[in-house]
Amino acid sequence: MAHNFGDFNPALTAAVKRIANGDSDAVFFSPHAFDREEERDIDHSTVWSCLRRGKVYGPEWIDGELRANVVHLGLHVRVAIGELGFDAQSDWSELSSILVCTVMGI
Amino acid sequence: MIQFAGCGLDNVYLKDGFKTMEFKGGKAYSYVDIKGLYLAIGRSLALSRHPLSGREFRFLRNALQWSQTEAGATLDKTCQAVAKWEKGVNPVARADGHVIRLAWLRRFDQGSIVRMVNGMFGDHPARSVDAYIFSRIEGVWTSVDHDWPVLDRLSAVQRVDVSGDAQLTVDSDDSVYEIDAQNEYALEELMP
């Protein structure tokens, strides 16, 4: 199955890596992400690995919400952008936290 | 107190050391020093004495970054056997649980290997752990579950002043343990 995660975003990739490699309390997990992790038998450390090493695509509008997609080794982590006060044209160097919305296998 | 289900275990709870953010009517959570938290959980599992559950085995295996095949090779089992343990189809053999505990301690906490080995041969019955509870104490993730005889016992042993007697008797709560001076010396050699 082909996946379309949007365009590769090197600046946002750098920002996500910077945050994921910094203090862990800057990475938030939503209740939905918890549920999907349990349902799909994925644990936080795997998600963390994806955030640290993955490529970020987007952000793009999904069901009226601005989301970016982090992809690494068969794992797809969707992170919230709009809820953190950013938009598609933001300066990603100012991003200081990550909010994980959901996690999926590819 | 919140449940820390994200580690793959359903009986880990945090008293503090987390932050919350409102998100879509619910709460999103982040954790302080998650690496330290994973180490504290691993140490608790490694020093416990009950037969490991499949999820607990998987937690330690993941921390060691072993594949199921690598774990199976170490334990002289097939990767399918390991997969069945982790899915809960078959119970983890007690001895295999001890081996992966030792492997974890060897990698992350060599100073506690003697504690673990003493616990293996301890007199107390191995009780299952209903809940692992952790708290940030002086900036370090610490287990606040004191329901482990092996830890109580060793903390008592460490308080003993070695007087050179051939035999030492150590009182620990309601039980009495005896160790000889030579073993005490070996213990001090290995403790950090």
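User: Two strands pair if DSSP finds at least two bridges between them. In which sense do strand 3 and strand 4 of chain A pair?

Analyst: The model is predicted. Strand 3 of chain A covers residues 65-72, and strand 4 of chain A covers residues 75-80. A:A68 stands opposite A:V79 in strand 4. The strands are joined over 6 bridges, and their sense is antiparallel.

User: Which residue takes a positive phi in the hairpin of these two strands?

Analyst: Most residues other than glycine have a negative phi. The hairpin has 2 residues between its strands. The positive phi there is near 45°, and the residue is A:L73.

User: What is the bridge partner of A:A80 in strand 5 of chain A?

Analyst: Strand 4 of chain A also pairs with strand 5, residues 98-105. The sense is antiparallel, over 6 bridges. For A:A80, the partner is A:L99.

User: How many of the residues of strand 4 of chain A are buried?

Analyst: Buried means under 20% relative accessible area. By that cut-off, strand 4 is mostly covered. The count of buried residues is 5 of 6.

User: Which element gives the largest share of the largest nonpolar core?

Analyst: This core holds 71 residues. A:L51, A:V77, A:V100, B:F4 and B:I41 touch the most other members. The largest share is 8 residues, and it comes from helix 1 (residues 34-47) of chain B.

User: What is B:I41 in contact with, beyond four places in sequence?

Analyst: B:I41 is one of the core residues that touch the most other members. Its neighbours within four places are left aside here. The partners are B:F4, B:C7, B:L9, B:V12, B:F59 and B:F134.

User: What area is buried between chain B and chain A?

Analyst: 21 residues of chain B are in contact with 21 residues of chain A. Carbon and sulfur atoms give 61% of the buried area. The total is about 1700 Å².

User: Which three residues supply the most of the area that chain B buries against chain A?

Analyst: Together they account for 30% of what chain B buries against chain A. No other three residues give more. They are B:M21, B:F23 and B:Y31.

User: Which side chains meet in a salt bridge at 2.9 Å, N to O?

Analyst: Side chains of opposite charge can pair when their charged atoms come close. Between chain B and chain A there are 3 salt bridges. One of them, at 2.9 Å, joins A:D41 and B:R58.

User: Which element gives the most to the side of chain B that touches chain A?

Analyst: Across this interface, 11 residue pairs are in polar contact. Elements giving two or more residues on the chain B side are strand 3 (18-23), strand 4 (26-31), helix 1 and helix 2 (54-63). The most, 6 residues, comes from strand 4 of chain B.

User: Which residues does a cis peptide bond join?

Analyst: Most peptide bonds are trans. In this one, omega is about 10°. Its proline sits in strand 2 (residues 55-62) of chain A. The joined residues are A:G58 and A:P59.

User: Is B:K24 buried or exposed?

Analyst: B:K24 is not a glycine, yet its phi is positive, about 55°. It lies in the loop between strand 3 and strand 4 of chain B. Its relative accessible area is 59%, and the cut-off for exposed is over 50%. Therefore B:K24 is exposed.

User: Where is B:D33 found?

Analyst: B:D33 is another non-glycine residue with a positive phi, about 45°. At 33% relative accessibility it counts as partly exposed. Its place is the loop between strand 4 and helix 1 of chain B.

User: What relative accessibility does A:R67 have?

Analyst: A:R67 forms a salt bridge with A:E65, with N and O 3.1 Å apart. A:E65 is partly exposed at 22%. A:R67 counts as buried, at 3%.

User: How many residues apart in sequence are the parts that B:R43 and B:D109 tie together?

Analyst: The two form a salt bridge, closest N and O atoms 2.5 Å apart. B:R43 lies in helix 1 of chain B, and B:D109 in the loop between helix 5 (94-108) and helix 6 (113-120). B:R43 is partly exposed at 30%, whereas B:D109 is buried at 16%. The separation in sequence is 66 residues.

Technical notes:
Residues numbered from 1 in each chain as written. Chains lettered and ligands numbered in written order. Predicted model: local features only at pLDDT ≥ 70, side-chain atom pairs only at ≥ 80, totals over all residues. Heavy atoms only, no water. Core = buried A, V, L, I, M, F, W, Y, C linked by side-chain atoms within 4.5 Å. Buried < 20%, exposed > 50% of the residue type's maximum accessible area, 1.4 Å probe, protein only. Helix = DSSP H or I, 4+ residues; strand = E, 2+ residues; numbered from the N terminus. Contact = heavy atoms within 4.5 Å. Buried area = accessible area lost by both parts, 1.4 Å probe. Salt bridge = Lys/Arg side-chain N within 4 Å of Asp/Glu carboxyl O. Polar contact = N/O pair within 3.5 Å; in protein donor to acceptor, adjacent residues only side chain to side chain.
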